[in-house]
Amino acid sequence: MALLLGLAPTPAAALQPPRPLPHYHPRFVTQTDERPMNDCLWASAAMLIDKWTNGKIHPTHQRLRALSGDHVKGSNFDDLKVATRKLGLNFKFSPNGGDRISFSGLLRRLAHGAGAVVLGDDSRLPRWYGRWDYGFWQMSRKDRKKHPSRDNHAVYVERFDRRHGRVWLMDPLGRAGWKGEWISIWSLRRFAWSSGGALFVAVTPTAKPAPFHHVRTSKATLTQTSAALEANWSFRAPRKWRFPGVSTKTSFSVAKDPLLAAATSTEVAERVTDESRPSHTVVASAGRSLTVKAPLPSKAGTYYGSIKLSDRRFGRTVAQVGSVPVFVPGPRNASLELRADDDTAEAGKRIEASVSVENTGELTWAETPTDPDDPDPEARNARLVARWIALDVDLKLGPRTDADGNIQPAVPPPTTLDAVPLDAGRHVVVDASLRAPWVIGRWALVIDVVDDIDGSYARLGSKPAVLIVDVVAPKGRVEID
């Protein structure tokens with residue numbers, strides 16, 4: 001199991017309060033799917049919540065009523081507030097619920113992408129809008145004086161069309177599959193209840209585009225300093241776009257195979273600095289670019305680093321880099337540079353190369369006594385070891401047979417190049433002649449320092465030298481598998 005180090009990510013800001021997206025429209029919810037049909041408020045509210053959260057929350061009207069605890073007809077906005085609080089929404093309503101809204105104020109909000117539940121008298125709607133339940137519409141007109149509450153109704157509206165003086169109506173008395181229809185603002189105003197100029201209405205916040213709408217993020221440019229892993233992105237965005245901030249999450253997990261990590265590593269530029277290790281991830285924005293600096297683990301070793309940026313409104317991933325090999329050097333460290341005449345080799349042929357080796361750590365690689373009183377030192381046996389790692393290779397081909405009839409393994413075993421018992425600050429160049437693998441394909445030649453006491457220096461955070469080699473079929477020989 002990968003070990004996740006205790007590096008605290010930048011404190012992620014809580015997601016911003018829900019707010020509709022432009023041009024998002026809720027699914028229609030009917031109250032006619034059960035009898036008696038007394039859930040007009042809850043069906044309209046279900047569409048309101050769908051609109052408010054861009055479809056992330058789209059409860060049934062039965063679910064909303066259950067959340068409110070009101071199991072009989074006659075529900076109101078106070079009951080709805082109980083239900084919405086359990087869904088994490090800051091529900092306000094007019095006229096006495098903290099959001100006093102006039103009719104012109106309602107139209108203004110609808111024009112800016114909001115949705116609303118409007119309470120009113122069904123009998124005051126024109127005849128056409130009473131077609132879904134004509135008996136209810138007509139009965140309420142006849143009995144309004146005796147039973148003034150009989151025609152109480154709730155509808156959902158959105159999309160103010162200023163040019164034609166209309167809004168989009170979704171009456172929960174409509175049947176399943178209905179999409180809604182236009183209604184004149186005159187008819188809506190006649191329908192709606194009001195008190196002192198304020199409507200009985202609940203309105204979502206106005207619409208706002210997603211933080212990174214129409215924004216394109218470049219591929220990350222990665223840099224490792226002595227103290228941090230840095231990632232830089234640039235943005236292509238609309239002219240008036242402004243960076244809205246992001247939540248960041250960083251993590252480092254120990255690489256089980258440091259040599260494989262080096263062979264398959266994303267290109268990370270190294271910059272030598274003496275800067276101090278930052279205590280937390282730092283995010284810096286300038287114009288159309290963004291830099292994230294994540295502090296490296298304090299313990300030496302080889303890790304996979306990940307950085308993830310999320311927008312603060314929806315929690316959606318804006319940009320990320322994952323599984324970036326990061327080498328954190330310790331007191332025993334090597335700087336290796338591998339040079340070869342060519343990065344293409346014939347299968348089974350030799351490659352001439354040279355390896356520059358420098359002890360850039362604080363400790364010697366020479367023999368060291370295990371006990372000050374023991375005059376005989378323990379053999380450290382520091383040496384340079386080459387290993388082939390298959391990248392784009394079909395290893396199912398198995399062992400190969402060379403020209404002498406000898407069976408050669410598909411993956412060559414590690415090869416010791418030379419002893420390197422260097423003291424700190426010493427440097428040496430080792431010439432090497434290595435046989436290429438017998439299986440054609442893309443391989444990585446990885447050079448590491450190994451000793452008998454500490455083992456692989458790559459595990460201690462020392463970056464191996466890597467050469468990518470394309471192994472091809474020998475000239476004049478046709479491969480037959």
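This passage looks at helix 2 and at a handful of salt bridges in a predicted model.

Helix 2 spans residues 61-68, and its buried residues are His61, Leu64, Arg65, Leu67 and Ser68. They sit on the same side of the helix, because they cover an arc of only 160° around the axis. What do these residues pack against? Their partners are helix 1 (40-52) and helix 3 (77-86). Just after helix 2 comes Gly69, with a positive phi near 85°.

Arg65 has another role to note: its side chain meets that of Asp70 in a salt bridge, at 3.7 Å from N to O. Both ends of this pair are tucked away. Arg65 counts as buried at 10% relative accessibility, and Asp70 counts as buried at 12%.

That pair belongs to a wider set, as the whole structure holds 17 salt bridges. In another one, Arg159 pairs with Glu158, with the closest N and O atoms 3.0 Å apart. Here the two ends are not alike: Glu158 is buried, at 0% relative accessibility, whereas Arg159 is partly exposed, at 28%.

Arg387 and Asp257 also join their side chains in a salt bridge, at 3.0 Å from N to O. Arg387 belongs to strand 20 (residues 383-393) and Asp257 to the loop between strand 11 (246-254) and helix 7 (258-263), so the bridge ties together parts 130 residues apart in sequence. Arg387 is partly exposed, at 26% relative accessibility, and Asp257 is likewise partly exposed, at 24%.

Finally, salt bridges can link up beyond single pairs: Arg332, Arg380, Asp451 and Asp454 form a network of them.

How values were computed. Residues numbered from 1 in each chain as written. Predicted model: local features only at pLDDT ≥ 70, side-chain atom pairs only at ≥ 80, totals over all residues. Heavy atoms only, no water. Buried < 20%, exposed > 50% of the residue type's maximum accessible area, 1.4 Å probe, protein only. Helix = DSSP H or I, 4+ residues; strand = E, 2+ residues; numbered from the N terminus. Arc of directions from axis to C-beta. Contact = heavy atoms within 4.5 Å. Salt bridge = Lys/Arg side-chain N within 4 Å of Asp/Glu carboxyl O.
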